[in-house]
Amino acid sequence: RKCERVIFVEKTMDTKAFKRSLQHSENYHRKGFGHQEEVASQLQSEYQSQLIQQIRNNNYTLTRGDVTIRLAEAFGFCWGVERAVAMAYETRKHFPTERIWITNEIIHNPSVNQRMREMKVEFIPVTAGKKDFSVVETGDVVILPAFGASVQEMQILNDKGCKIVDTTCPWVSKVWNTVEKHKKREYTSIIHGKYKHEETIATSSFAGKYLIVLNLKEAEYVANYILHGGNREEFLAKFSKACSPGFDPDKDLEMIGIANQTTMLKSETEQIGKLFEYTMMQKYGPANLNDHFQSFNTICDATQERQDAMLELVEQKLDLMIVIGGFNSSNTTQLQQIAFEQGIASYHIDSVDRILFENRIEHRLLNGNLEITNNWLPDGEIVIGVTSGASTPDKVVEDVIERIFELKSIVAIA
């Protein structure tokens, strides 16, 4: 059985040389178009919040009536997201009449992506699970989102003669550079991530041989195979959608390097790195470790800061947590995971519309299912922890907090 993951590119393609060539093309833009001040004012009015700034200035706490809100000390829009959204706004201003496409959601937030549609930024259509680039014509403008695009997509757009606006977060580009280093030394990249996630799809497209592990449990399965061997067919079936074409676990795990999807849980990425370092040390001896194992720190600063702030927040006495972010946002899911592991009643919502009247809330469970919980807001004095993912505007957080105050006052009257 062979790995089913399909890459539509010649195996001999020098991805690093292609990227370098693309970046020197007159059709490639990565630094904006000089409309920063105008766009900054627009972003401030649409996405920022005076209430949230007030809470920040008040030691991240706000009490109104029976409700005390405690905000995490790092939350919401990160620098990479803010940069990507600003570049998308600049692109529309700079190309007022051209057709503008985006290869995927600019960030994982429904309100921001809806704003893109209102600005007549069109999304590449997906047919039977595959993007249809036939709609894009020469001279069209195409935005690459914050988590990047695969090298194959870049090649298609370059060949079509499109103007490419690359908003890829520099932290994601750093991971691409890491897997390029693995490839140069003929190491297999073991990527901690979700094989369906756009960022991991992009990262794997720059890798040579690669294997994607979702979590520590999958990493332990691979480590055990490295040390003791196992059922090759079972291995290939297990990772059929998460490895490079022609992957051979009996040959391709002798030299490995670690990389990650930047939004994964920092502590788990570190555990996985240490596990494989110890595994290769066991198999080949400490003196030979560097010939079989490479590790670079590719954990995003913003992801780390938000997770650390969440870990501090859940140490406080909280009655419940609200985690705000897109349901397809990986970094938001990791924040929810932290609350879950602390045993705190926590509700992951993507907008204020999930908070229903009659004390009901629709929220995403860690398994991805949506559920409606009744009577989620307790009577009497309560302390609510609030955080949001790196793609969530402060304005969305404000709307949620105001709805909680409103609902609590109704409950109190009733």
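This text goes through the aromatic contacts, a strand hairpin and a helix of a predicted model.

The aromatic side chains come first. A pair of aromatic rings is described by the distance of the centres and the angle of the planes. Searching the whole structure gives ten aromatic pairs. One of them joins Tyr 221 and Phe 239, whose ring centres are 6.1 Å apart and whose planes make an angle of 50°, a tilted arrangement. This contact links distant parts of the chain: Tyr 221 belongs to helix α9 (residues 216-228), while Phe 239 is in the loop between α10 (232-238) and β12 (256-260), 18 residues apart. Tyr 221 has a relative accessibility of 22% and therefore counts as partly exposed, since buried means under 20%. Phe 239, at 2% relative accessibility, counts as buried.

A second pair is made by Phe 235 and Phe 247. Their ring centres are 6.3 Å apart and their planes are at 10°, so the pair is stacked; the cut-off for stacked is an angle under 30 degrees. Because Phe 235 lies in helix α10 and Phe 247 in the loop between α10 and β12, the pair ties together parts that are twelve residues apart in sequence. Phe 235 is buried, with 0% relative accessibility, and Phe 247 is buried too, with a relative accessible area of 2%.

These four residues belong, together with Tyr 225, to one aromatic cluster. A charge also meets the ring of Tyr 221: the charged end of Lys 238 sits over this ring, 5.0 Å from its centre. Elsewhere, the charged end of Arg 117 sits over the ring of Phe 123, at 4.4 Å from the ring centre.

The next element is a hairpin. Strand β17 (residues 360-364) pairs with strand β18 (residues 370-374) in the antiparallel sense, over five bridges. Within this pairing, His 363 has Glu 371 in β18 as its bridge partner. Five residues lie between the two strands, and Gly 368 in the turn has a positive phi of about 95°.

The last element is helix α4 (residues 79-94). Its 16 residues, at 1.5 Å a residue, should span 22 Å, and the end C-alpha atoms are 22 Å apart, which agrees. The expected span is 1.5 Å times one less than the number of residues. How many of the 16 residues of α4 are buried? Twelve are, and the helix is mostly covered. Charged residues are among the buried ones, including Arg 83, Glu 90 and Arg 92. Other buried residues of α4 include Gly 80, Val 81, Met 87 and Tyr 89.

Methods:
Residues are numbered from 1 along each chain as its sequence is written. This is a predicted model: local features need pLDDT of at least 70, side-chain atom pairs count only at pLDDT 80 or more; totals for chains, interfaces and linings use all residues. Side-chain values use heavy atoms; hydrogens and water are left out. Rings of Phe, Tyr and Trp (its six-membered ring) pair if their centres lie within 6.5 Å; planes under 30 degrees apart count as stacked, over 60 as edge-to-face and the rest as tilted. Helices (H or I, at least four residues) and strands (E, at least two) are DSSP runs, numbered from the N terminus. Buried means under 20% relative accessible area, exposed over 50%, partly exposed in between (1.4 Å probe, protein chains only). A charge sits over a ring if NZ of Lys or CZ of Arg is within 6 Å of the ring centre and within 35 degrees of the ring normal. Two strands pair if DSSP finds at least two bridges between them.
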